[in-house]
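This report walks through the sheets, the helices packed on them and the ligand site. Keep the structure open while reading.

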Amino acid sequence: MQKLVIQGGIPLRGEVRISGAKNAALPMMCASLLTSDVLQLSNMPDLHDIATMRKLLEQMGVKAVVQGDEMTLHGAQVDRLEAPYDMVKTMRAAVLVLGPLVARFGEARVSMPGGCAIGSRPVDIHIKGLQAMGAQVFIEHGYIHAQAKRLKGARILFDIVSVTSTENLMMAAALAEGVTVLENAAREPEVVDLAHCLIAMGAKIEGAGSHTIVITGVDRLHGTTHRIMPDRIESGTFLVAAAATGGSIVLRDTRADILDAVLEKLTEAGACIRSDSENIHLDMMDRPRSVNVRTAPYPAFPTDMQAQFMALNAIAEGSAMVVETIFENRFMHVQELHRLGARIDVEGNTALIHGIDHLEGATVMATDLRASACLIIAGLVAQGETVIDRIYHLDRGYEHIEIKLSQLGANILRINK
Ligand code: EPZ
């Protein structure tokens, strides 16, 4: 079992390159099921979830070749229209094969993802959307069975803004007969990046990035090459780590225009931020000030940055409220922060954080991907040694994070114990 060992108290300094976005790469890999031509993706991050998605597509018959940060996917010989439980249970994003399979092959058998550490996370919106497009969908023995001779365009109103539902149905609608309108759709930058890739494959999509996406179905999609956008959550995580340690860093190969809510909160906390088209500079001269955050769909404050800001607020000047509105169980990191001496009270979906002078190193346990990032930030500021257990969560979404942090001067080691 691998662990991370951190000696805290060192301000982060220097520059680091940001990887491609996990949450853009995963749906785009599934887009390879929509065509018999070759889809070439570059700036692919080297992550566990990417490897799992690759295995899932390969067991369906997709040929995948990886060279450096490039992945070539060829869906000409897909012969198995199933996503088995063993693969889906480790990665919920596997549900993103559902729309493309039904759209191109008229059939799919996909395991229900089941619950996860941060919430129940049902997939009813994905299913309702496919049914609105004329698919027969039923659940049996824990599997979603979907069938349709050819999907038909429909007007679909989401009662909750859902990122992967928007992506799944946008991919399905690309090969449907007629026009589909997705209302109250997710506006996340990853949805827009996927739409750009689909349009380059010949799809007719308008309004990606707004709440209303209009897709005019086509008979066939072709291959293309696409560079994955930078990971805004990885960017935000490094910026918060630098702010919490009182450091000065430069992020390369990233984008500031998709991080407004996060950069605003960091500025409110006292950080000095400069950016240009591909770089973000952050300098933190003084102790951070506490900042209130409330998570909500893009462009508001991202839930995937909530835990990291909790670590920042734990050592900030003042008290702050963190309200989590997207997932019902995304405060698992609070108990672990208590072990480092943090003063946090939780009531329902609201946490009240009383900033203290310093945290003290201890052994803690990661419970999910972003909670792991929170504990790393807490370990970087804590006095003494922090040991983080169960770091497999981390490897699902951060590419070689301890190597990148060492590059910025952190004293952090991955050990086998
Ligand atoms: C995506 O998950 C991201 N994952 C998540 O990132 C992110 O936290 C989330 O969007 C919100 O931004 C990927 O893109 C692979 P949702 P997704 O559907 O699409 C409810 C990370 O750390 N809902 O937007 O699964 C749901 O329970 C991960 O990288 C339904 O009720 O999230 C939640 O409360 C974690 N029924 C809300 O909608 C449905 O059918 C938003 O979830 C679908 C969702």
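## Strand pairing and the ligand site

R13 has S248 as its bridge partner in β15. That pair belongs to a parallel pairing: strand β2 (residues 13–17) and strand β15 (residues 248–252) are joined over 5 bridges. The model is a predicted one. β15 also pairs with β17, here in the antiparallel sense and over 4 bridges. In β17, L282 is the bridge partner of I249.

**A mixed sheet with two helices on it**

Next comes an open sheet of 4 strands. Its order is β4-β5-β3-β14, and the pairing is mixed. Why is one side of β4 and of β14 left without a neighbour in the sheet? β4 (63–67) and β14 (224–227) stand at the edges with a single partner strand each, so one side of each has no neighbour there. From one strand to the next, the twist averages 15°.

Within this sheet, β3 (residues 38–42) and β5 (residues 70–74) run antiparallel and are joined by 4 bridges. L41 has M71 as its bridge partner in β5. Helix α1 (residues 22–30) packs on the sheet and touches β3, β5 and β14. The direction of α1 makes about 170° with that of β3. Helix α7 (residues 189–200) packs on the sheet too, touching β3 and β14. The direction of α7 makes about 160° with that of β14.

**A second mixed sheet**

Another open sheet has 4 strands in the order β6-β7-β9-β8, again with mixed pairing. β6 (82–83) and β8 (136–140) are at its edges. Each has a single partner strand, so one side of each lacks a neighbour in the sheet. β8 pairs with strand β9 (residues 143–147) in the antiparallel sense, over 5 bridges. One pair there is F138 with H145, its bridge partner in β9. Helix α4 (residues 98–105) lies across β7 (107–111) and β9. α4 runs at about 160° to β7.

**Helix α9**

Which residues of helix α9 (residues 260–268) are buried? They are A261, V262, L263, K265 and L266. Note that a lysine, K265, is in that list. The buried residues pack against two helices, α8 (232–245) and α10 (306–314), and three strands, β16 (272–275), β17 (280–283) and β18 (293–294). β17 is also the antiparallel partner of β15. After α9 comes G270, with a positive phi near 110°.

**The ligand site**

There are 22 residues around the ligand. Which of them come nearest? D124, S162, T164, D304 and I326 do. The table lists three contacts, each between an N or O atom of the protein and an oxygen atom of the ligand.

| Residue | Protein atom | Distance to a ligand oxygen |
|---|---|---|
| I125 | backbone N or O | 2.8 Å |
| D304 | side-chain N or O | 2.6 Å |
| I326 | backbone N or O | 2.6 Å |

D304 and I326 thus appear both among the nearest residues and in the contacts above. On its own, the ligand has 830 Å² of accessible area, and the protein covers 88% of it. The elements giving two or more residues to the shell around the ligand are α1, α5 (124–132), α6 (163–174) and α12 (369–381). α1 therefore links two parts of this report: it is one of the shell elements, and it packs on the sheet that holds β3, β5 and β14.

Definitions and conventions
Residues numbered from 1 in each chain as written. Predicted model: local features only at pLDDT ≥ 70, side-chain atom pairs only at ≥ 80, totals over all residues. Heavy atoms only, no water. Pairing = 2+ DSSP bridges. Axes fitted to C-alpha atoms, helices over the stretch in contact; angles between N-to-C directions. Contact = heavy atoms within 4.5 Å. Buried < 20%, exposed > 50% of the residue type's maximum accessible area, 1.4 Å probe, protein only. Near = heavy atom within 4 Å. Polar contact = N/O pair within 3.5 Å; in protein donor to acceptor, adjacent residues only side chain to side chain. Areas by Shrake-Rupley, 256 points an atom, 1.4 Å probe, with all protein chains shown as cover.
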